[in-house]
Structure formats: structure tokens, C-alpha cells
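Got your viewer open? Let's take a short walk through this structure, one selection at a time.

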Amino acid sequence: MKKALIAAPAFFAALLFVCVSAFRGGAPSASAGYKVGDKAEDFNLKNVDGKSVSLASYPDAKGFIVVFTCNHCPVAQMYEDRIIELSKTAKAKGFQLIAIQPNNPEENPEDSYSEMQNRAKEKSYPFPYLMDEGQKVYPRFGATRTPHVFILDKNRTVDYIGGVDDNSDASSVKKKYAEMAVDAILQGKKPEPSFTRAIGCGIY
């Protein structure tokens, strides 16, 4: 434990370099995506089990948590277990979590479809993990980071955009933004806050 704490500054310095370096040209611009209050269009993407998944695949869902995430990003890895738990907690409340891998696998082989399949199996993902083939969906949402969360109500209205919580360090989290948003929607209220800064690696 002491060694981990001593190494932390170097780790986070390297992490920052990785995330900043992730912003490269070639991918579609995601600056003009959904805003809170917009209605999201459906999508149809291939899951790691080979089947196509869309929002319409869950007609009884009370809402959706769409998380853009990936295999290789250190921040996404730090959030992985929390996203798994969020999925379980939300599903018990009627919300469906859907994870989408938005990166171009030619840029990073760790984000290839086969590696997605391996990761989902290794971690026993309780949610679909979809490949944004052709990178057509993430610009529509306006996702810029991994992870980046978009929470929709049952009518697919975007009610929350941002981070899973307020700290990439799980032991320092004070506000679970995504969980708070789900609870607010179920109570017929608007999430507060409805927009936060997503922390993670750039999508490319």
C-alpha cells in the first residue's frame, strides 16, 4: 500500500500525458452533440455477443445510462468496477446501462472488437458493450472522453451529461453524479447538477 501511494504522483503524471496525447486528428468532431433537454436518436450497434443492440431493445426501461468507454484508457479502467456496480444498481431501479466503445481500433488495437469481447468476458460485464463501428454515434451524442456519461429518461430525453462521479479516485468520491441523476429522474425531478465535467482520455 505504501509503495502504491509513493508511486501515485508519477502514475497520475503519466496518466495525464496519455489523456492529453489522445487528442489527435482524424476522428469526427464531437463538439456539437446533444445538450441537456435534447431527445436522443436511437442507434443500432454490435454487442460483444455478436447481436445488434439499440435503445428500442429495452422497451420496458425507465431510462438509460449510455456510457462511452474503452479498454485501453487508464481512467476508463479506474472507473470500470464503478460502472459495473452502477449498472447493477440502476438495473434494480429499471434503468438500462449501455456501454459504447467509440475509439478507432486501427489507432489502438487494445480497443478492437476482439479485445472488447475479451474484456467483457474477463470482467463479466452485466451490460451490453457495443462497438461504434465507423465512429458515427459518439459525435451525435457529443462524447469527448472515456468515460463520458449520458443519462436519458424513458422518452430518450437527455437529462444528464458528464462524469460518473466527482473523483477518478474511488476512495475520494463525494458525489455520485450518475446515481444521483437516476434517482432524480425516477422521482420526476430534473437532475442537479445536470451537467458536469467528464474526466478521462480523449476519443480518437
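Before we click on anything, one bit of vocabulary: buried means under 20% relative accessible area, exposed means over 50%, and partly exposed is in between. Keep in mind, too, that you are looking at a predicted model.

**Stop 1: Asp165 and Arg82**

Select Asp165 and Arg82. Their side chains meet in a salt bridge, with 3.0 Å from N to O. Asp165 sits in the loop between β8 (158-162) and α5 (177-186), while Arg82 is in helix α2, so this pair ties together parts that are 83 residues apart in sequence. Are the two buried or exposed? Both Asp165 and Arg82 are buried.

**Stop 2: Arg119 and Glu80**

Stay with helix α2 and pick Glu80, then add Arg119. Here is another salt bridge, and the closest N and O atoms are 2.6 Å apart. Arg119 belongs to helix α3 (residues 113-123) and Glu80 to helix α2 (residues 74-92), so you are seeing a link between distant parts of the chain, 39 residues apart. Glu80 has 7% relative accessibility, so it counts as buried. Arg119 comes in at 21%, so it counts as partly exposed.

**Stop 3: Lys88 and Glu85**

Next, select Lys88 and Glu85. These side chains also form a salt bridge, at 3.8 Å from N to O. Lys88 and Glu85 are three residues apart in helix α2, so about one helical turn separates them. Lys88 is partly exposed at 46% relative accessibility, and Glu85 is partly exposed as well, at 44%.

How many salt bridges are there by this rule? The count comes to seven, and the tour has shown you some of them, including Arg119 with Glu80.

**Stop 4: Cys73 and Cys201**

Time for some sulfur. Select Cys73 and Cys201, which are joined by a disulfide with an S to S distance of 2.3 Å. You'll find Cys73 in the loop between β3 (63-68) and α2, and Cys201 in strand β9 (residues 201-202); the pair links distant parts of the chain, 128 residues apart. The torsion about the S-S bond is about 85 degrees, so the disulfide is right-handed. Cys73 is buried, with a relative accessible area of 0%, and Cys201 is buried with 0% too. The structure holds one disulfide.

**Stop 5: Cys70**

Finally, select Cys70. Why is there no bond from its sulfur to Cys73? The sulfur of Cys70 is 5.0 Å from the closest cysteine sulfur, in Cys73, and that is too far for a bond. Cys70 is buried, with a relative accessible area of 5%.

Notes. Residues are numbered from 1 along each chain as its sequence is written. This is a predicted model: local features need pLDDT of at least 70, side-chain atom pairs count only at pLDDT 80 or more; totals for chains, interfaces and linings use all residues. Side-chain values use heavy atoms; hydrogens and water are left out. A salt bridge is a side-chain nitrogen of Lys or Arg within 4 Å of a carboxyl oxygen of Asp or Glu. Helices (H or I, at least four residues) and strands (E, at least two) are DSSP runs, numbered from the N terminus. Buried means under 20% relative accessible area, exposed over 50%, partly exposed in between (1.4 Å probe, protein chains only). A disulfide is a pair of cysteine sulfur atoms within 2.5 Å.
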